[in-house]
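This report describes the chain shown below, beginning with a loop and moving on to the overall fold, a hairpin and the surroundings of a ligand.

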Amino acid sequence: MAILSKKIAQADQKNCVACGTCTKVCPREAIKVHQGCYAVVDSFKCVGCGMCATVCPANCINLIDREGAGKHEKEVV
Ligand code: SF4
Ligand code: SF4
């Protein structure tokens, strides 16, 4: 069974400019740009390292408590 981190990244889809920078630095390939529109985080892959938030030029990624993750964004398989 996978051990999930307490934190998870969440992208603000309204402010995401779909540049893809976050996808290049994620060590887990956990964040993807959905249909060229906005970034979506795979909550099962994300380990909450914060790398994506550090490089995002739109400053639209936040680390949130995993408990509340997935309520405001769509999942991408
Ligand atoms: S917090 Fe880390 S693991 Fe999660 S999406 Fe961002 S770069 Fe990937
Ligand atoms: S780096 Fe930021 S603006 Fe660029 S795709 Fe990722 S979340 Fe969107």
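## Loops, hairpin and ligand shell

Ala18 lies in the loop that runs between strand S1 (7-11) and helix H1 (21-25). The model is a predicted one, and in it the phi of Ala18 is near 60 degrees, a positive value in a residue other than glycine. Ala18 counts as partly exposed because it has 14 C-beta neighbours inside 10 Å, a number that falls between the limit of 12 or fewer for exposed residues and that of 20 or more for buried ones.

A second residue of this kind is Glu29, which sits in the loop between H1 and S2 and, although it is not a glycine, has a positive phi of about 50 degrees. Glu29 is exposed, because 10 other C-beta atoms lie within 10 Å.

Seen as a whole, the chain has two helices and four strands, and from the N terminus on these elements follow the order β-α-β-β-α-β. Of the 77 residues in the chain, 21% are buried. Among the contacts with a separation of 6 or more, 66% are between residues 24 or more positions apart.

Strands S2 (residues 31-34) and S3 (residues 38-41) are paired in the antiparallel sense over four bridges, with Val33 standing opposite Ala39 in S3. The two strands, S2 and S3, form a hairpin with three residues between them, and Gln35 in the turn has a positive phi of about 50 degrees.

Ala58 belongs to the loop between helix H2 (51-55) and strand S4 (61-65). Once its neighbours within four places in sequence are left aside, Ala58 is in contact with Asn15, Cys16 and Val17. Ala58 and Cys16 are 42 residues apart in sequence, yet their C-alpha atoms are 6.4 Å apart in space. Since Ala58 has 16 C-beta neighbours inside 10 Å, this residue counts as partly exposed.

The following table sets out the exposure of the three loop residues discussed above.

| Residue | C-beta neighbours within 10 Å | Class |
|---|---|---|
| Ala18 | 14 | partly exposed |
| Glu29 | 10 | exposed |
| Ala58 | 16 | partly exposed |

Cys16 also appears in the surroundings of ligand 2, where 14 residues are found and Cys16, Cys19, Cys22, Ala39 and Cys56 come nearest. Divided by class, the shell around ligand 2 holds 12 nonpolar and two polar residues, and no charged residues. Ala39, one of the nearest residues to ligand 2, is also the residue of S3 that Val33 stands opposite.

How values were computed: Residues numbered from 1 in each chain as written. Chains lettered and ligands numbered in written order. Predicted model: local features only at pLDDT ≥ 70, side-chain atom pairs only at ≥ 80, totals over all residues. Contact = placed C-beta atoms within 7 Å. Near = placed C-beta within 6 Å. Nonpolar A, V, L, I, M, F, W, Y, C, P; charged D, E, K, R; others polar. Pairing = 2+ DSSP bridges.
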